[in-house]
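I opened the notebook to go through strands, rings, charges and empty space in turn. The entries below follow the order in which I looked things up.

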Amino acid sequence: MKKIVTTSLLVTACLCGTLTSCDIERLPNGSMSAEQITGDPLTSLDGLVDGAYAQLKAWSDPMHRLGEYAGDNMMIRGTSTDAFYEFITFSRTPNNYRLQNFWDYGYKAIAQASNIINMIEEGQDTEIDNKLGECYYIRGMMYFYLCRAFGRPYYQAPDKNLGVPIVNGTPENMDNLQLPDRSTVKEVYEQAISDLKKAEELMTENKGPAYASKEAAQAMLSRVYLYMSGTYDNPNREYAQLAVDYATKVINSGQYTLLGRSDFMNYNTFTPENNKESIFVVKRVSTEYSGIDHYYGIGGMYAVVGGMGWGEMYASAKYLDLLNETGRNDWRPDSKKIVDARANFIDPQYVQDDNGNYTPVFRFIKNVYDASGNLSGFNYVQATLKQEGNNYSCTETVNGQETTYAMTAIDADQQIYSVKYSDGETYTGVIDYLMVLNNIYPRFYITKCSYEGEESHLHSPIISRLGEIYLNRAEAYAKLGNYGSALTDLNTIRERSIPGAGYASLDATNAGERIDKERQLELAYQAERSYDVFRNGDPLTRHYPGPHNAMEDIPATDYRVTYYIPQTAINSYPSGCTLTQNPTSDAGVILN
C-alpha cells in the first residue's frame, strides 16, 4: 500500500476509495520527521492543511455534477456517453468514474484532515488550534456531503439506513487492515455535527471565504440541522430550532453582507476575497486552471465563453418559468429588461444575420406524442412572426407544410401570447428573437459558474453564502410554525432579486411551496437542488424539453434517490471486510 508524503512525513493511506493505493503528495518544505512536526507544528501546519484543501478542488467538480445534474434546473441538448449522463437520467450504476472521484477525493480530504488532527495536540497555540479547526471543518463537511449523496434523506429511518464508513485517520495495523462497513445515516450526521462543532470551538480567525472559519462551520451546521428537520408535514422541531440558532449566529456575526441587487447580478464575476456574501468556497485561481479546464470544468458544459467550452447544458424551461413568474425577463440585446436579478445568470444565444440583425419569432413549448398518441415529452417551437398592424400571427413549416396560427394576447405589454396549435392544444409563449439551436434545443446558456474575475470559465464552487443562510432560517422557522419570522427572512432574499415582489403572507398552506421555490431560484447551479427536493419528501418533476424521460416523476422514496457506492471501492475493500451496496430496487428501501 502506498503512503502519502506530507512534508515527506510518511502517513499511510486510509479509506480513499481505491484502498490499495493513494496519491503521493510532497510539499515543498523538505523532509521532516514526525518528531519535528509535532515538536514544531507551526512550521509545517500550513503545508499540511493546504494539502487537505487541495483535495477539495478535485472533489468539487463531481460534487457539483451529482447535486445539480440530478435536479430540475438544467437540461442537456442530447444523450451523452459521459458518465455524468447517468446523473441526469437516474440510470444509476456503480461503475461510474465521476462517482468514484467524488468518493475518492472526499475520503482523501477526510484522511488528510484526520491525520493532522491525530498528529497535532490542540491547546498549544491559538494559531495551531485554528488550523486544527479548519481540519475539523473539512472532515465534517465531507462526511455530510458524502452521506447526503450515498445515504437516504434523513427523515427516512436514519437509524436504519446506511450512510458512509467513518474512518477518522489511518488505521494503526496496516499489516492486517480492517475497515468498517458503512455507519448509519444518523451516525454519520452525528460525526459531521461533532466535527463542525469542534471546528466552531477551535477557530478564532476569519481569513476570508477561501478558508474555513467559525462562521463557515456555523453555516454548515445550519444546513445539516435543516436536513435533519423533517418535512413540512412532519417536522422535527428540535432540529429546526438548531438550524435557526446556527443560521442566526452567522447572520449576526457581522462578517458577511448580502450584496445589493446590481452587485448580486454579477455575483459570479467577483473573486471570493472580494465577495462580502461568500462564507466558504473551494478557491480556484487562473494559474491552475488550464485551457482544457475551460472545456471540461463545470462552466464549460453550461456555456461557450470566448470560444471555450462545450455549451451543451442549458437552463431548463421549468427554471425559466420560475424566473418569469413575476414578470417577463427580456434578454433581447436591444430591449433587455431583467425582472428577477437571478435571470442575469442566463444568457440566451440569439441568431444574427450577416448585417447583425435578429429574426423575430414566437417561441413556445408544445407537447410531443408517441406513435400511439400518448404524451411522451415536450419541445420548443420557434415560429416565424408576422405582424399586420396590431395583430400578430406566426407560421411553422413541418415537412414542407406551412401552417399559420393566429396569436391571442395574454399580456401584450410583455409580448406574451397564446396560439391554438395543430394538435388542438392552446400554448402560451413570448415574442422573442430566433435562438441558436443545439440539436433541437435553444441555447439558454448558464453563466453562474463562469466569468470569475472576468476569466472565461474560472469558478470557485460555492459551499456556503449568506443568501442560503437566510433561506435555511426561513425554512426552519416555518417548520416551527413561526411564519412571521419565516416571511421576513424569505422576503429578504426574494426582494433583493425582485424588488417589491415580497409575499404578503406565509402560512401552513403555502410556506413549503414558496420557500422551496425561492431556494430553487436562489441556489440554482450550486449543487443543492436535487437534495433539497428529496429531503423534504417531494418528487422530482421534469416536465420540460430535453432527452430525459420527461413523463417520469422521481419520488423521494425511489431507490435511485441515493447513488450507488462505487464498485471499485467495494472491490478494493480488505479481505474479510464488507462495504455494503445501496438497494438496487425500491424493495430494498427502508422508509421507517
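**Entry 1: strands.** I began with β10, which pairs with strand β11 (residues 416-420) in the antiparallel sense over four bridges. I noted that the model is a predicted one. Within this pairing I found Met407 opposite Val419 in β11. The hairpin of β10 and β11 has four residues between the strands, and there Gln415 takes a positive phi near 60°.

I then went back along the chain to the other partner of β10. Strand β9 (residues 391-398) runs antiparallel to strand β10 (residues 401-411), and six bridges join them. Val398 stands opposite Gln401 in β10. I looked up which residue in this hairpin has a positive phi. The residue is Asn399, with phi near 55°, in a hairpin with two residues between the strands.

**Entry 2: aromatic pairs.** I counted aromatic ring pairs, taking centres within 6.5 Å as the limit. The count comes to 37 aromatic pairs. I took Tyr53 and Phe280 as one case: their ring centres are 6.5 Å apart and their planes stand at 35°, so I list the pair as tilted. Tyr53 belongs to helix α2 (residues 41-69) and Phe280 to strand β4 (residues 278-281), so the contact links distant parts of the chain, 227 residues apart. I checked the exposure of each ring residue. Tyr53 is buried, at a relative accessible area of 10%, and Phe280 is buried at 1% relative accessibility.

A second case was Tyr225 with Tyr239, a stacked pair with 6.1 Å from centre to centre and 20° between the planes. Tyr225 lies in helix α7 (residues 214-227) and Tyr239 in helix α8 (residues 237-252), 14 residues apart. I find Tyr225 buried at 4% relative accessibility, and Tyr239 buried with a relative accessible area of 17%.

**Entry 3: charges over rings.** I noted two cases. Lys479 lies over the face of Tyr232, 5.1 Å from the ring centre. Arg496 has its charged end over the ring of Phe264, at 3.8 Å from the centre of that ring. I kept Arg496 in mind for the next entry.

**Entry 4: salt bridges.** How many salt bridges does a search of the whole structure find? I get 41 salt bridges. Arg496 appears here too, in a salt bridge with Glu277 whose closest N and O atoms are 3.0 Å apart. Arg496 sits in helix α14 (residues 483-497), whereas Glu277 sits in the loop between α9 (261-264) and β4, 219 residues apart. Both Arg496 and Glu277 are buried. I also find Arg496 and Glu277 in a network of salt bridges that links them with Asp340, Arg342, Arg465, Arg494, Glu518 and Glu522.

Next I looked at Arg529, which forms a salt bridge with Asp72, the closest N and O atoms being 2.8 Å apart. Arg529 lies in helix α16 (residues 529-535) and Asp72 in the loop between α2 and β3 (74-76), so this pair ties together parts that are 457 residues apart in sequence. Arg529 and Asp72 are both buried.

I added Arg560 and Asp558, whose side chains meet in a salt bridge at 3.0 Å, N to O. Arg560 is buried, and Asp558 is buried as well.

**Entry 5: cavities.** I find seven cavities of 30 Å³ or more in the structure. The largest cavity has a volume of about 140 Å³. Which residues lie closest to the centre of the largest cavity? Of its 16 lining residues, they are Arg148, Pro153, Tyr531, Phe534 and Val561. I note that α16 gives the most to this lining, with four residues.

**Entry 6: the largest pocket.** I turned last to the open space. The largest pocket has a volume of about 500 Å³. It is lined by 19 residues, and those nearest its centre are Asp321, Asn324, Thr428, Gly429 and Val430. I looked up the elements that give two or more residues to the lining of the largest pocket, and they are α12 (317-323), β7 (360-369) and β12 (426-433). The largest share of this lining comes from β12, with four residues.

How values were computed
Residues numbered from 1 in each chain as written. Predicted model: local features only at pLDDT ≥ 70, side-chain atom pairs only at ≥ 80, totals over all residues. Heavy atoms only, no water. Phe/Tyr/Trp six-rings, centres within 6.5 Å; stacked < 30°, edge-to-face > 60°. Buried < 20%, exposed > 50% of the residue type's maximum accessible area, 1.4 Å probe, protein only. Lys NZ or Arg CZ within 6 Å of the ring centre and 35° of its normal. Pairing = 2+ DSSP bridges. Salt bridge = Lys/Arg side-chain N within 4 Å of Asp/Glu carboxyl O. 1 Å grid on protein atoms, 1.4 Å probe; cavity = no way out; pocket = protein on both sides within 12 Å on 5 of 7 lines; lining within 4 Å. Points joined across faces, edges and corners; volume = space filled by probe spheres on them.
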